[in-house]
Amino acid sequence: ALPISTFPVTAQGTTVVTWTFSDSRGNTSSVTQNVIITDNVPPTVNCPGNISQAIPGNYCSKSVTIPNVTYSDNCGMVTTLTWTMSGATTASSGATGINQIGTFTFNAGVTTVTVTAKDAAGNPATCTFTVTLTESIAPSISCRSNKTVNADPTKCYATNVNLGTPVTSDNCGIASVTNDAPAQFPVGTTTVTWTAKDASGNTKTCTQTVTVVDNQDPVINCPGNITQTITSGCIYNLTPPTPTVSDNCSIFKLTWVMTGATTGSSPLLGINYVPNTNFNVGVTTITYTAKDASGRSATCNFKVTVINSQPLAITCPADITQAASSGKCLATVNVPNPTITGGCSNITCITWCMTGATEGNSESGGTNYVGTRKFNVGETTVSYAVTNAAGQTAYCSFKVTVTENVPDRKSVV
């Protein structure tokens, strides 16, 4: 037998070949051989081009006539042609036979059509095309009310802000609702734009504001109190340590004021620290105020105490003895003022009191001297007390003695 060069693809895919052998005496013998042909070549399928049409009026769908799909196969046997639709329109053909789409009603938007052809061997081939229908009526959208929230703890922004969901509608349905809200809303007011889109790509927007309030005060910590003793002079030169300041956002300004033994203040704007300063003897209070951009503030203070080791001293005049006026029981005495030395702070108070034959006392504040005063016959103790701005106090006392002045009496005969 001669070799077979071309084998047909039968329904079973098998061709039986019989081989016969003979010898010179005419004896023969035969054997068979199966040749199985497998069709592994898929069909060819060609979809129409993409289709775009407008929907007239206020409608959301339209009938569209789809050109037939063309197909072929190397064995000439395409057994099934099926299709499915996804997207704006969903549908599918029967699972068997040759199915063309023909005239079909499509919804507004983009519909993807996938066509599948199979041959007798089950080899598939696909093609796709889109049907885009557009309508011109924009959706409507109404945003929720504006939001006001506090900043997150220790942060200058707010997260997880519940914006709510806008109210939307469209004649053909909403395809998507989006917004441009950030993950973190900074302190202040942020405008969020919401966009509603329908299947035809028509859009409408609305806006909503989110106001983040900084409700957290700055944090300020002053250094500890400072005490310095000096042995000479009346001032102590010092550049005080600075406070530590922080805020969830930022410090807008830092100011200070000094009161007490030493006075002064910083500019009202900017970041200011107490410079190198000559502090007077006594107690000076330094108060810092930190303020952030939202106007929230915090204060702290500390003291600088300068002590003068030179003691305050007061020296009273010597004791005074004076005779009473003739025929009187008192005398007008001009009392010298005491002498005050030592210390270096201003004298804030000089007071006196008298006990004994004559009693009395000065005002409790201010500078007071006994001066010229009437004293009763007898011994009077005058005591002085002096106080300076550094809080130092000194005392002294002296005596004023008024003697009785009795005129001589002559005998009458």
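In this predicted model, the link of Cys143 and Cys206 is right-handed, with 85 degrees about the S-S bond. Cys143 sits in the loop between strand 12 (140-142) and strand 13 (147-150), while Cys206 belongs to strand 19 (residues 203-213), so this bond ties together parts that are 63 residues apart in sequence. The sulfur atoms of Cys143 and Cys206 are 1.9 Å apart, and both Cys143 and Cys206 are buried.

That pair has company, as the structure holds six disulfides. Another of them is formed by Cys316 and Cys396, with their sulfur atoms 1.9 Å apart. The link of Cys316 and Cys396 is right-handed, at 75 degrees about the S-S bond. Cys316 is found in the loop between strand 29 (313-315) and strand 30 (320-323), and Cys396 in strand 38 (residues 393-403), so the two tie together parts of the chain 80 residues apart in sequence. Both Cys316 and Cys396 are buried.

Then there is the disulfide that joins Cys60 to Cys172, with an S to S distance of 2.0 Å. The link of Cys60 and Cys172 is left-handed, with -95 degrees about the S-S bond. Distant parts of the chain are linked here: Cys60 is in the loop between strand 4 (51-54) and strand 5 (61-65), and Cys172 is in the loop between strand 15 (167-169) and strand 16 (174-179), 112 residues apart. Cys60 is partly exposed, with a relative accessible area of 24%, and Cys172 is partly exposed too, at 25%. With the bonded cysteines of the chain numbered in sequence order, the pairing reads 1-3, 2-6, 4-7, 5-9, 8-10, 11-12.

Away from the disulfides, there are the nonpolar cores to look at. In soluble globular proteins, nonpolar side chains tend to be buried together. The largest nonpolar core here has 22 residues, and those with the most contacts inside it are Val45, Ile66, Phe106, Val113, Val115, Phe129 and Val131. Strand 7 (78-87), strand 10 (109-119) and strand 11 (124-134) each chip in at least two residues of this core. Strand 11 gives the most, with five residues. Leaving out residues up to four places away in sequence, Phe129 touches Cys47, Pro48, Gly49, Asn50, Ile66, Ile101, Thr111, Thr112, Val113 and Val115. Apart from this core lies another, of 21 residues, and Ala331, Val386, Cys396 and Val400 are among them. Cys396 thus turns up twice in this account, as a member of that core and as the disulfide partner of Cys316.

Methods:
Residues are numbered from 1 along each chain as its sequence is written. This is a predicted model: local features need pLDDT of at least 70, side-chain atom pairs count only at pLDDT 80 or more; totals for chains, interfaces and linings use all residues. Side-chain values use heavy atoms; hydrogens and water are left out. A nonpolar core is a set of buried Ala, Val, Leu, Ile, Met, Phe, Trp, Tyr and Cys residues joined through side-chain atoms within 4.5 Å. Buried means under 20% relative accessible area, exposed over 50%, partly exposed in between (1.4 Å probe, protein chains only). Helices (H or I, at least four residues) and strands (E, at least two) are DSSP runs, numbered from the N terminus. Contact means heavy atoms within 4.5 Å. A disulfide is a pair of cysteine sulfur atoms within 2.5 Å.
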